[in-house]
Amino acid sequence: MFTPSFLLISARSSQTIAVTTARHQGTQRVSVKNLKFLLSTPKSHIFIRIIICLFRTVDFLRNLFSKTLGISGEKVLDELTLEGVASYIQSGKCKNIICMVGAGISTSAGIPDFRSPDTGLYANLQKYNLPYPEAIFQIDYFKKHPEPFFALARELYPGQFKPTVCHYFIKLLKDKGLLKRCYSQNIDTLERVAGLEGEDLIEAHGTFYTSHCVSFMCRKEYDLDWMKEKIFSDDIPKCDKCSNLYWFLLPSSPVSILLQDFPRCDLLIIMGTSLQVQPFAALVGRVSNSCPRLLINLEKAGGADPLLGIISIGGGMDFDSAKAYRDVAHISTCDDGCLALAELLGWKAELEEMVKREHEKINSKAEEERTNQSSGAAGKAESGKAESGKAESGKAESGEAEVE
């Protein structure tokens with residue numbers, strides 16, 4: 001839990017946020033239009049916290065008034081099952097699907113999830129004595145202790161894994177014109193490998209594709225090749241220009257994008273995440289009260305806070321109560337859940353063919369690269385032998401000349 005540096009006073013309108021600081025008992029109106037600029041400042045984490053406070057306050061008030069007045073969203077699903085979700089997608093009313101995904105969608109690719117007790121990535125990083133698991137993704141902790149993050153980066157570096165059925169299901173949603181955006185907590189870039197592009201993605205914890213110096217005065221960008229060389233060296237990578245650390249930064253655009261995306265969303269699909277990391281987890285409450293929410297996960301997640309649930313308020317997901325009307329939990333692996341949904345939609349054969357075709361392309365490319373590397377290594381060896389032969393020949397000729 002963080003302690004906000006700013007306390008939210010009120011939302012003046014959909015265009016401004018009024019805040020007061022803990023240090024200065026004054027109120028400042030912050031234009032939503034200027035959030036992009038604010039997020040590029042050295043204290044950008046403060047403004048992210050303002051936004052979290054705004055989301056939570058608005059969600060709290062919205063749910064409070066809805067419960068008090070007996071108002072809930074319109075029920076659009078025929079039944080709270082995977083079949084009900086499939087029927088809704090097929091109805092033609094669902095055109096702006098947002099996917100929120102976490103590490104669970106990549107486990108079948110061979111990447112450990114975060115929270116499994118003995119095999120999860122957090123468990124593997126305990127030698128670094130993290131104060132809490134989420135610290136590895138927080139910029140303040142990173143500046144003091146960068147080692148855990150770069151250890152994780154080495155494990156997840158692109159090119160070592162292939163996208164899963166779940167990744168290609170999201171790509172299929174895009175191909176069918178149904179995907180509004182995919183919000184990912186992952187830095188493994190498998191969404192991009194599967195065919196999603198930058199405009200399709202919000203990479204909430206950053207990505208290997210967007211690396212910058214942490215210094216506000218520098219902000220130099222680095223490409224993937226530079227990062228690969230540095231990440232797999234024994235040293236902590238530092239900026240070539242100013243010697244500060246570099247970081248996979250959250251781009252400045254997501255705040256303005258999510259303010260537009262979630263109110264327009266007509267189906268939220270959440271996969272492979274425990275919904276415990278903020279501010280990502282709070283996004284489930286940003287959709288309208290009528291928007292159905294489907295969770296595909298090994299266990300239920302994102303439920304309402306127990307304390308707030310006692311007084312019937314809070315923005316969590318409700319799968320089981322008598323008042324449940326829009327939230328569906330499909331308990332399975334992400335791949336199995338996507339295959340089941342694809343089958344109900346009549347897309348299963350298409351999805352399976354896509355996975356097979358794309359994996360063959362990846363395997364073929366990898367084999368070609370290995371062949372080229374082998375040829376290059378053999379060429380260097382032959383070149384080395386030739387040079388060595390010339391040198392020996394030169395020495396022999398020189399020796400003969402001296403004897404004469």
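This passage describes a six-stranded sheet, the elements packed on it and a cluster of annotated cysteines.

The model is predicted; local features need pLDDT of at least 70 and side-chain atom pairs count only at pLDDT 80 or more, while totals for chains, interfaces and linings use all residues. Residues are numbered from 1 along each chain as its sequence is written, and side-chain values use heavy atoms, without hydrogens and water.

Six strands form an open sheet in the order E6-E5-E4-E10-E11-E12. Their pairing is parallel. Strands (E, at least two residues) and helices (H or I, at least four) are DSSP runs numbered from the N terminus. Two strands count as paired if DSSP finds at least two bridges between them. Strand E6 (201-203) and strand E12 (327-331) stand at the edges. Each has a single partner strand, so one side of each lacks a neighbour in the sheet. From one strand to the next, the twist averages 15°. Strand E11 (residues 293-297) pairs with E12 over five bridges, in the parallel sense. Within this pairing, Ile-296 stands opposite His-330 of E12.

Helix H12 (residues 334-345) lies across E10 (267-271), E11 and E12. The helix runs at about 130° to E11. Such angles run from 0 to 180 degrees between N-to-C directions, with axes fitted to C-alpha atoms, for helices over the stretch in contact. Contact means heavy atoms within 4.5 Å.

Helix H3 (residues 82-90) has buried residues at Leu-82, Gly-84, Val-85, Ala-86, Tyr-88 and Ile-89. Buried means under 20% relative accessible area, exposed over 50%, and partly exposed in between (1.4 Å probe, protein chains only). The cover over these H3 residues includes E10, E11, E12 and H12. Just after H3, Gly-92 takes a positive phi of about 90°.

In an unreviewed UniProt entry, the annotation "binding site" covers Cys-213, Cys-218, Cys-239 and Cys-242. UniProt positions follow the numbering used here, feature names are shortened, and annotations may be inferred rather than shown by experiment. The four cysteines are spread over 30 residues of sequence, yet they cluster in space, with a largest C-alpha distance of 9.0 Å.

Cys-218 sits in the loop between strand E7 (211-213) and strand E8 (221-222). Its relative accessible area is 15%, so Cys-218 is buried. Beyond neighbours within four places in sequence, Cys-218 contacts Cys-213, Cys-239, Lys-241 and Cys-242. Cys-242 belongs to the loop between helix H9 (224-231) and strand E9 (246-248). At 29% relative accessible area, Cys-242 is partly exposed. Not counting residues up to four places away in sequence, Cys-242 touches Cys-213, Ser-215 and Cys-218.
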